[in-house]
Amino acid sequence: ELPGGLDSATSAETPRSARAWSQLIDARVDKQQLYGGISQTTMLGERGWFRSTIHGQVIDKVNPYGTSPIATGYKDEDIRATGVLLNTGSSGSIGAVHIDREIGMGVLFERDELLERALETGAPGAVVIDADTRVAQVFASAQLKAQLPRGIDIAAAVGIEYTHYDHLDRLAERDGTIATKTPLYPSLSFRAPLPGGFAGAYLRYAQAPSRPTVWELLGTMGEFNSTLRSEQVSEWEVGINVGNDTTIAQVEIAGYLRRTDGLITGITILDTEEQIFINAGLADQRGLELSTRISIARQRSATLRVEISGALQDHFLVRSGADTHDPIPGVAELTGALRLWARIDRLGDLEAGSRLTSKVPACLACGSIIPGAAIAYLRAGREMRLSASGAMSFFLHVENLFDVRYTSFVQLNDPGGRYYNPAPGRSLFAGIRFHYRSASRK
């Protein structure tokens, strides 16, 4: 189904008046994705350890038609990414206080090649965008955890990252670079039990950057935006949890305040049909979350749990240079989830669930709304012991069980109307994992 709702008339004459779900065409996305990694942990004495991780990812994605057979383009995107992460840590005690220490650093390399062609009489024609963007990132962090008497836990961490973008516009034979270095971003958490032992309270604070994606750097014109900077996010969270793994039910209630300086969002350039992404201003998100887990059956041969969660959120954006409060694009006011999970001997894990999202604003101060949706899924998995030190686990997952049509995200399409990108329909996923633990040597 055509996600942007464009028929031949509106596409050619008034593309901005298009509405969702008005025409059926072959508007599909072909995507292949491969992800893999290797991690090894070595013990250093009795209380120390060192872990090295290498991971890589390959994504090939083709959108052969886009939003309209008349005026949109053919898009071909290839993404390659690899990274290395090194962590080391140790544990010990000072009197009655147990302390865990960890430091880590890593590098990430990513290359994103985007080729877009205009459609001419239904076939890919002239090249509109031919871009090659490379991203290199170096990051480091340090963390300290302390377990005090009476069940009090305190954790503190600090991190820093450096990101370099190198962009080549092959059509214009023009390149551009961005280099960003974040200040030290801290996090702190405190958790303590409440009287009685069946409840606890916690307080968390964290800061973190959120770098722009390649799509946001290019916009719809494919021109590299060297002024776009990373979002700076800070968040406070306070909560109370009742129950533990030994009780039939567990309930957790949390409230949070998230503030994003330099929120990245798309805007339409004045007197044009093109869209660029900017740091729009200061965004506030205030929410209340509730989660409940009930263990209905606990036996040696079977375990059954029911989990229910939901969140209410109030959000607004104060745009730079304006005194208005606008809803944040893409953020829902209500979300919820239901999960049924069972573990049965000789059968493995069985899971069924559903996720609910309310309507969300499609774009900044434009009045368009993305309808809400409820998506169901099924999952089955099992772990099998291969030897005393090795095991294998696998899973099958059916996403969007009832093939619901809903929107994953919104962008401006080539004719200038809004493109309600369709989320995947009914999808099948499968995976296999091997675990092997080597014998320790003294």
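## Exercises on a predicted model

At 79% relative accessibility is R150 found, but the opening case is E173: this residue counts as exposed, at 71% relative accessibility. The model treated in these exercises is predicted.

**Exercise 1. Describe the backbone and setting of E173, and then treat R150 in the same manner.**

Solution. Step 1: locate E173, which belongs to the loop between β6 and β7 (174-181). Step 2: read its backbone angle. Phi of E173 is near 50 degrees, a positive value in a residue other than glycine. Step 3: turn to R150, which is placed in the loop between β5 (123-148) and β6 (152-169). The phi of R150 is positive as well, at about 70 degrees, although R150 is not a glycine. Step 4: add the accessibility. Exposed means a relative accessible area over 50%; R150, at 79%, therefore counts as exposed.

**Exercise 2. State how many helices and strands the chain has, and characterise its burial and its contacts.**

Solution. Step 1: the chain has two helices and 25 strands. Step 2: of its 442 residues, 34% are buried. Step 3: consider the contacts in the chain with a separation of 6 or more. Residues 24 or more positions apart account for 57% of these.

**Exercise 3. Determine where the confidence of the model is highest and where it is lowest.**

Solution. Step 1: begin with the whole chain, for which the mean pLDDT is 82, with 84% of the residues scoring at least 70. Step 2: compare the elements. Strand β8 (residues 185-193) has the highest confidence, at 95, whereas helix α1 (residues 8-12) has the lowest, at a mean of 42. Step 3: list stretches of low score. Residues 67-71 stay under 50 in pLDDT, and the model gives them 21 contacts beyond four places in sequence. Residues 411-419 also have a pLDDT below 50, and this stretch has 45 contacts in the model beyond near neighbours in sequence.

**Exercise 4. Trace the pairing of strand β9 with β8 and with β10.**

Solution. Step 1: β8 and β9 pair in the antiparallel sense, over seven bridges. R191 has Y202 in β9 as its bridge partner. Step 2: examine the turn. Five residues lie between the strands of the β8 and β9 hairpin, where G196 takes a positive phi near 110 degrees. Step 3: on passing to β10, one finds 12 bridges with β9, again in the antiparallel sense. In β10, N241 is the bridge partner of G200.

**Exercise 5. Classify the aromatic pair of the structure and identify the elements that it connects.**

Solution. Step 1: the structure holds one aromatic pair. Step 2: Y205 and W236 form this pair, at 4.6 Å centre to centre and with 40 degrees between the planes, in a tilted arrangement. The class follows because planes under 30 degrees apart count as stacked, over 60 as edge-to-face and the rest as tilted. Step 3: place the residues. Y205 lies in strand β9 (residues 199-210) and W236 in strand β10 (residues 231-242), so the pair ties together parts that are 31 residues apart in sequence. Step 4: check W236 for exposure; its relative accessible area of 47% makes it partly exposed.

**Exercise 6. Find the arginines that lie over aromatic rings, and give the distances.**

Solution. Step 1: the charged end of R204 sits over the ring of Y202, at 4.3 Å from its centre. Step 2: R379 lies over the face of F395, and the distance to the ring centre is 4.1 Å.

**Exercise 7. Establish which strands pair with β15, and describe the turn that follows it.**

Solution. Step 1: strand β15 (residues 302-319) runs antiparallel to strand β17 (residues 334-344), and 11 bridges join them. I308 stands opposite L338 in β17. Step 2: two bridges join β15 to strand β16 (residues 325-326), and these strands run antiparallel. Here L317 stands opposite D326 in β16. Step 3: the hairpin of β15 and β16 has five residues between the strands, and G321 in it takes a positive phi near 80 degrees.

**Exercise 8. Describe the surroundings of S387.**

Solution. Step 1: S387 is found in the loop between β21 (373-385) and β22 (390-399). Step 2: its relative accessibility is 36%, so S387 counts as partly exposed. Step 3: a polar atom of the S387 side chain lies 3.1 Å from the backbone nitrogen of G390. Step 4: compare sequence with space. S387 and Y436 are 49 residues apart in sequence, and their C-alpha atoms are 9.0 Å apart.

Definitions and conventions: Residues are numbered from 1 along each chain as its sequence is written. Side-chain values use heavy atoms; hydrogens and water are left out. Rings of Phe, Tyr and Trp (its six-membered ring) pair if their centres lie within 6.5 Å; planes under 30 degrees apart count as stacked, over 60 as edge-to-face and the rest as tilted. Helices (H or I, at least four residues) and strands (E, at least two) are DSSP runs, numbered from the N terminus. Buried means under 20% relative accessible area, exposed over 50%, partly exposed in between (1.4 Å probe, protein chains only). A charge sits over a ring if NZ of Lys or CZ of Arg is within 6 Å of the ring centre and within 35 degrees of the ring normal. pLDDT is the predictor's confidence in each residue, from 0 to 100. Contact means heavy atoms within 4.5 Å. A polar contact is a pair of N or O atoms within 3.5 Å; within protein, one must be able to donate a hydrogen and the other to accept it, and residues adjacent in sequence count only if both atoms are side-chain atoms. Two strands pair if DSSP finds at least two bridges between them.
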